[in-house]
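Here is a short report on helix packing and aromatic contacts. Please read it alongside the structure.

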Amino acid sequence: MPSTTSTRSFTADSPYFANYVQVQQGRLAKLSDAMVEIAKATRAFHEAGKAMSDVTHTLAQTCRVDETQFSLNESKEDNAFGEELGETMHTLASVLDEVADAQMSLGESLTASLAVSLESFANVEKREAERLQKKAEDDTEQFDLNVGRYLHGSRGEKDDGDGLQLKNLQKTFANIGDWRA
């Protein structure tokens, strides 16, 4: 009974390899696009956080009422808010300021750690995959050329008697092995 497993060729000119590379590049493109979208959303979140932080600071400033502002006769004792409510408003203003600062910090932190990292990773990995594919195609082309020269005895390069063409063929094989690793 024949084996159900098959050996697949991973040379750049094989249909299996071409299909495999195409599928993987599609996946990488989708991943890269998703990372860029996440980075954009993170930057939008940061911008919205800045606006919310500004509004929160404004609210905090509004809560810092001047006791004499609401008094009937310029004395602190005759404050319409009363002492307890005035202190509560100042405490609320301090809490709101801290919340606003935390909003800014969160947005800056997310942008620095997430958005920048994702965009960088997406761009670098996509370029590296394209470079490796180009290298595989170039190495395969060079391999085919060297095999043709070797098999047909073409002496495009002078053979010094030590098998220069064979060395070129072995070097090409080594290059193909490097990109597959």
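The text below covers two helices, their contact and an aromatic pair. The model is predicted.

**Helix packing**

Helix α1 covers residues 15-63, and helix α2 covers residues 83-152. Their packing and contact are set out here.

| Feature of α1 with α2 | Value |
|---|---|
| Packing angle | about 165° |
| Distance between axes | 8 Å |
| Nonpolar residues in the contact | 29 residues |
| Polar residues in the contact | 13 residues |
| Charged residues in the contact | ten residues |

The angle of about 165° makes α1 roughly antiparallel to α2, because angles over 145 degrees count as such. The crossing of the two helices is left-handed.

**Along α2**

How far apart are the end C-alpha atoms of α2? They lie 102 Å apart. At 1.5 Å a residue, the 70 residues of α2 should span 104 Å, so the two values agree. Helix α2 also has a kink of about 35°, and T111 is at its centre. Just after α2 comes G153, with a positive phi of about 70°.

**An aromatic pair**

Searching the whole structure gives one aromatic pair. Its members are Y16 and Y20, and the pair is stacked. The ring centres are 6.4 Å apart, with 20° between the planes. Y16 and Y20 are four residues apart in helix α1, so about one helical turn separates them. In an α-helix, residues three or four places apart point the same way, because a turn takes 3.6 residues.

Technical notes
Residues are numbered from 1 along each chain as its sequence is written. This is a predicted model: local features need pLDDT of at least 70, side-chain atom pairs count only at pLDDT 80 or more; totals for chains, interfaces and linings use all residues. Side-chain values use heavy atoms; hydrogens and water are left out. Axes are lines fitted to C-alpha atoms, for helices over the stretch in contact, and angles run from 0 to 180 degrees between N-to-C directions. Angles under 35 degrees count as roughly parallel, over 145 as roughly antiparallel, 65 to 115 as roughly perpendicular and the rest as oblique. A crossing is left-handed if the near helix is turned anticlockwise from the far one by less than a right angle, and right-handed if clockwise. Ala, Val, Leu, Ile, Met, Phe, Trp, Tyr, Cys and Pro count as nonpolar, Asp, Glu, Lys and Arg as charged, and the others, Gly among them, as polar. The expected span of a helix is 1.5 Å times one less than its number of residues. The bend at a residue is the angle between axes fitted to the seven residues ending there and the seven starting there. Rings of Phe, Tyr and Trp (its six-membered ring) pair if their centres lie within 6.5 Å; planes under 30 degrees apart count as stacked, over 60 as edge-to-face and the rest as tilted.
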